[in-house]
Amino acid sequence: MRIGELAARADTTTRTLRYYESRGLLPARRDELGHRAYDEHDLRALRQIRTLRDFGFELEETRPFVECLRAGHPEGDSCPASLAVYRRKLDELDALIGELAAVRDKVAGQLTRAERARDELAAEALVPGGPEPECELGGRDL
């Protein structure tokens, strides 16, 4: 198939395909007229790349999966190099989850502190001569 057909079937652009070719992820085969020529194996590789990219993999991280498919494996993730990329990606995700959990804990702590401060101001406002809390949104009501 030609580049336009491959792009349509892979739901991508010809520009993307040319870029992948320049990065060595797609073969640079040409037909007798000099047009780029692709086959079903190339479509499978593109689908593998797209799936991994949708999962957040960098383009270069898809290379072992594409090479695994080119080596004749029915799935691009059954080769040792692909498995190693999965492991690295899981480690990265675990680290990000840990960082997000720490940030969440800090935000939850700030919320608890802010609610306590609000409640203390509200309680003081009920005491004669106590301060009247003001809201930054205008007005004096909590």
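The surface that this chain exposes comes to about 9,900 Å², and carbon and sulfur atoms supply 55% of that area. Keep in mind as you look around that the model is predicted. Of the chain's 142 residues, 25% count as buried.

What is the chain built from? Its secondary structure amounts to five helices and zero strands, so if you follow the sequence from start to end, the pattern reads α-α-α-α-α. To see how the chain comes together, take the contacts between residues at least 6 apart in sequence: 43% of them join residues at least 24 apart.

Let's begin at the pair formed by helix H1, residues 3–10, and helix H2, residues 14–22. Their axes lie 9 Å apart, and the two helices pack at an angle of about 105°. An angle from 65 to 115 degrees counts as roughly perpendicular, and therefore H1 and H2 are described as roughly perpendicular to each other. Which residues make this contact? From H1 come Ile3, Gly4, Leu6 and Ala7, while H2 brings Thr14, Leu17 and Arg18. By character, the residues of this contact divide into four nonpolar, two polar and one charged.

Now turn to the loop between H1 and H2, where you will find threonine 13. Is threonine 13 buried, exposed or in between? Its relative accessible area is 41%, and because partly exposed covers the range between under 20% for buried and over 50% for exposed, threonine 13 counts as partly exposed. The side chain of threonine 13 also has a partner: a polar contact of 2.8 Å joins it to the side chain of threonine 16. Looking back along the sequence, threonine 13 is 10 residues from isoleucine 3, and their C-alpha atoms are 8.9 Å apart in space. Isoleucine 3 is already familiar as one of the H1 residues in the contact with H2.

Further along the chain sits helix H4, residues 63–70. How much of H4 is covered? It is mostly covered, with six of its eight residues buried. Those buried residues are Arg63, Pro64, Phe65, Val66, Cys68 and Leu69. And what covers them? Helix H3, residues 40–54, and helix H5, residues 80–125, are included in the cover. As you leave the helix, look for glycine 72, which follows H4 and has a positive phi, near 100°.

Notes:
Residues are numbered from 1 along each chain as its sequence is written. This is a predicted model: local features need pLDDT of at least 70, side-chain atom pairs count only at pLDDT 80 or more; totals for chains, interfaces and linings use all residues. Side-chain values use heavy atoms; hydrogens and water are left out. Axes are lines fitted to C-alpha atoms, for helices over the stretch in contact, and angles run from 0 to 180 degrees between N-to-C directions. Helices (H or I, at least four residues) and strands (E, at least two) are DSSP runs, numbered from the N terminus. Angles under 35 degrees count as roughly parallel, over 145 as roughly antiparallel, 65 to 115 as roughly perpendicular and the rest as oblique. Contact means heavy atoms within 4.5 Å. Ala, Val, Leu, Ile, Met, Phe, Trp, Tyr, Cys and Pro count as nonpolar, Asp, Glu, Lys and Arg as charged, and the others, Gly among them, as polar. Buried means under 20% relative accessible area, exposed over 50%, partly exposed in between (1.4 Å probe, protein chains only). Accessible areas come from the Shrake-Rupley method with a 1.4 Å probe; for residues, only the protein chains shown count as cover. A polar contact is a pair of N or O atoms within 3.5 Å; within protein, one must be able to donate a hydrogen and the other to accept it, and residues adjacent in sequence count only if both atoms are side-chain atoms.
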